[in-house]
Amino acid sequence: MNSKIAAIIARKGHTPVSELTAYDYPTARLVDEAGVDMILVGDSLGMVMLGYPDTTHVTLAHMLHHVEAVARAAQHAVVIADMPIHTYDTPEQALATAHALMAVGADAVKLEGGAAMEAQIRAITQAGIPVQGHIGLLPQKVREDGGYRMRGKTDEEAAALMRDMEAVVRAGAFSVVIECTKHSVAKAITEACPIITIGIGAGRGTCDGEVAVFHDLVGGYPWFTPSFARPKANIAGEITRAVKEYIAEVRQPE
Ligand code: KIV
């Protein structure tokens, strides 16, 4: 077991874990030097880096390119590589994809799905590769699963989410993302869960840690901000201001 991941696992019930996406060398180096615990090279890069409408256009080639850059930058944080859609349809394919992502420097991989992905997660963890699960709203399935709505609002959905968490745990994952889930349900899952839960859009303090998309945190993608985002900066505004100042200087040299 990677010692950085062992240290994260030991945080259950103690200090909350911070996770943030990054997709390129300078951003990863900045968030690593700022002290974030885990860097997720999320397939959200399809939207915020590549301009696709959702994550279903992301390929393994995209991920390998970005994971390699992030891994070069990260000295302290655990680097988690997202597995893109249709690269883990079978346990064999899942293991091959996980090996490819580890070969370019990831410390762990993440894939979406609970009970339906138990065999895939087990194939990867049994090969000694750490896995972060992902339950609740699954962006790769958002079209067939009824859009970007909060999960766990009915008793049936809440029970299914609990079963998803149990499957991810049985399969040997070291942590699990709980996305866009009713806050009381995320809290109940966390209390019942022996591994680290990481919330996004699942309420403050309901999970063992939180993950955010970097661009949502710094105001770097002004064309869409999720309702649960808590921006701490306006980088897009700063870029626009600097570029306008530069254009004005070029047009009117001293
Ligand atoms: O791709 C991503 O950024 C993610 C987070 C939203 C958890 O999966």
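This report covers the ligand site, the nonpolar cores and the cysteines of a predicted model.

Residues are numbered from 1 along each chain as its sequence is written, and side-chain values use heavy atoms, without hydrogens or water. In this predicted model, local features need pLDDT of at least 70 and side-chain atom pairs pLDDT 80 or more, while totals for chains, interfaces and linings use all residues.

The residues surrounding the ligand include Thr21, Leu40, Lys110, His134 and Glu179, where near means a heavy atom within 4 Å. By class, this shell holds four nonpolar, four polar and four charged residues. Side chains in polar contact with a ligand oxygen (N or O atoms within 3.5 Å) are tabulated here.

| Residue | Distance to a ligand oxygen |
|---|---|
| Asp43 | 3.1 Å |
| Ser44 | 2.5 Å |
| Asp82 | 3.1 Å |

The ligand taken alone exposes 260 Å², and the protein buries 95% of that (Shrake-Rupley method, 1.4 Å probe).

The largest nonpolar core (buried nonpolar residues joined through side-chain atoms within 4.5 Å) has 51 residues, and Ile39, Met83, Val109, Ile121 and Ile124 touch the most other members. Beyond neighbours within four places in sequence, Ile124 is in contact (heavy atoms within 4.5 Å) with residues including Met83, Ala94, Val109 and Val131. A second, separate core of 14 residues includes Ile5 and Ile80.

The count of disulfides (cysteine sulfur atoms within 2.5 Å) is zero. The closest cysteine sulfur to that of Cys193 is in Cys207, at 9.2 Å, too far for a bond. Cys193 is buried (under 20% relative accessible area), at 3% relative accessibility.

Notes
A polar contact is a pair of N or O atoms within 3.5 Å; within protein, one must be able to donate a hydrogen and the other to accept it, and residues adjacent in sequence count only if both atoms are side-chain atoms. Ala, Val, Leu, Ile, Met, Phe, Trp, Tyr, Cys and Pro count as nonpolar, Asp, Glu, Lys and Arg as charged, and the others, Gly among them, as polar. Buried means under 20% relative accessible area, exposed over 50%, partly exposed in between (1.4 Å probe, protein chains only).
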